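Dear colleague,

Please find below the structure that I am handing over to you. A summary of what was found in it follows.

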Amino acid sequence: MWPCRPSGPCSPWAWGSRQRTGAGARGPRFPGAALPRPDFSSRHSELLGLPSGWRSAPLPAPRLRQARHFFPEEWFRFALGRLELAGPGESPLEVAEALQGDQALRDLHAQVALSCFIAMGAESSVTSPSYVYRVYCGDVPWTEGLDWLTSNAELFQLTLKAFRYSFKLLFDQASLGPVESPEELLSTLEDYERDWYIGLVSERGWQEAVLQEKPYLFSLGHDLTMGTYTGRMLTLQEMLVQVGHLNREGVRGQWANLSWELLYATNDDEERYSIQAHPVLLRNLTVQAADPPLGYPIYSSAPLHLPCL
């Protein structure tokens, strides 16, 4: 499918390198028609194709080749083997082997993944806590490919989500131990997707996760006063709530006694013993709820909105 060798001057990576100076907000512009389609060896690979805009990162080909060792080949092959793409009469094992052996499919996903990896500035071997926190919050320091990445909103959100999941995974490994196998890693990621919200307290997704009753919520914080970074995890728990019911005639009887005490016995003591007595009947509340002048005046104000999240 390629008009020349993938590493030659006609490859899409090389085009992105030449055109990066003229790239607009939508990414680099390529001469002529759109990017050529990858030459997949398996027809099922078409189902795993990626948008052409995701392949147009303005990064030089040598830089992508230099970062190729960061691409997890073993995990990619394992993930392909877990997909169920076999049609009627097809062997799932043969379909999986065909996908795993498709070099064009592997190169396509490696190109996009490494482009996002470099655009996030993650290729550096030494990272600071401030960098990790900024990227986790979506405030990515500027890099050569950041404008291209942020112009692809869906890809940027997926990349940010992958970074947050990676941080949570490292956080768990530091406290619970390393992940021993691809199967365990897959189980952990599925658990994150199903039972966790990993993001920021200020995001709408956090509020939606609360309404959806996600079992776990996780976020990062920065204490400017102490100069420390903190992790916050909330767990969904059951709350015991006591519900009571007062007999209507019991309340009316208390109000009748209050009427006799104030109007006929003329007891003007503001701290009358009768108000505090009978806690089982909630006498303190029911007496206050009586209409003035027998009960206490009711003061009201405009509705107050208190943010809970």
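**Confidence and findings**

Among the elements of the chain, strand β1 (residues 196-199) has the highest mean pLDDT, 97, and helix α1 (residues 12-19) the lowest, 35. Here pLDDT is the predictor's confidence in each residue, from 0 to 100, while helices (H or I, at least four residues) and strands (E, at least two) are DSSP runs numbered from the N terminus. Over residues 1-33 the pLDDT is below 50, and this stretch has 54 contacts in the model beyond near neighbours in sequence; contact means heavy atoms within 4.5 Å. Where pLDDT is low, the predicted coordinates should not be read in detail. For the chain, the mean pLDDT is 83, and 83% of the residues reach 70 or more.

This is a predicted model, in which local features need pLDDT of at least 70 and side-chain atom pairs count only at pLDDT 80 or more, whereas totals for chains, interfaces and linings use all residues. Residues are numbered from 1 along each chain as its sequence is written, and side-chain values use heavy atoms, with hydrogens and water left out.

The secondary structure comprises 13 helices and three strands. Of the 309 residues in the chain, 34% count as buried (under 20% relative accessible area; exposed is over 50% and partly exposed in between, with a 1.4 Å probe and protein chains only). Among the contacts with a separation of 6 or more, 59% join residues 24 or more positions apart.

The largest nonpolar core (buried Ala, Val, Leu, Ile, Met, Phe, Trp, Tyr and Cys residues joined through side-chain atoms within 4.5 Å) has 41 residues, and L105, M120, Y136, L149, L155 and I198 have the most contacts inside it. Helix α5 (residues 103-119) gives the most to this core, with eight residues. Leaving aside neighbours within four places in sequence, L149 touches C116, A119, M120, L155, F156 and T159.

Helix α8 (residues 153-176) packs with helix α9 (residues 182-195) at an angle of about 115°, their axes being 11 Å apart. Axes are lines fitted to C-alpha atoms, for helices over the stretch in contact, and angles run from 0 to 180 degrees between N-to-C directions. The contact is made by K161, Y165, K168, L169 and D172 of α8 with L185, T188, L189, Y192 and E193 of α9.

Within helix α8, K161 is partly exposed, with a relative accessible area of 35%. The C-alpha atoms of K161 and Y136 are separated by 8.7 Å, at 25 residues apart along the chain.

Yours sincerely
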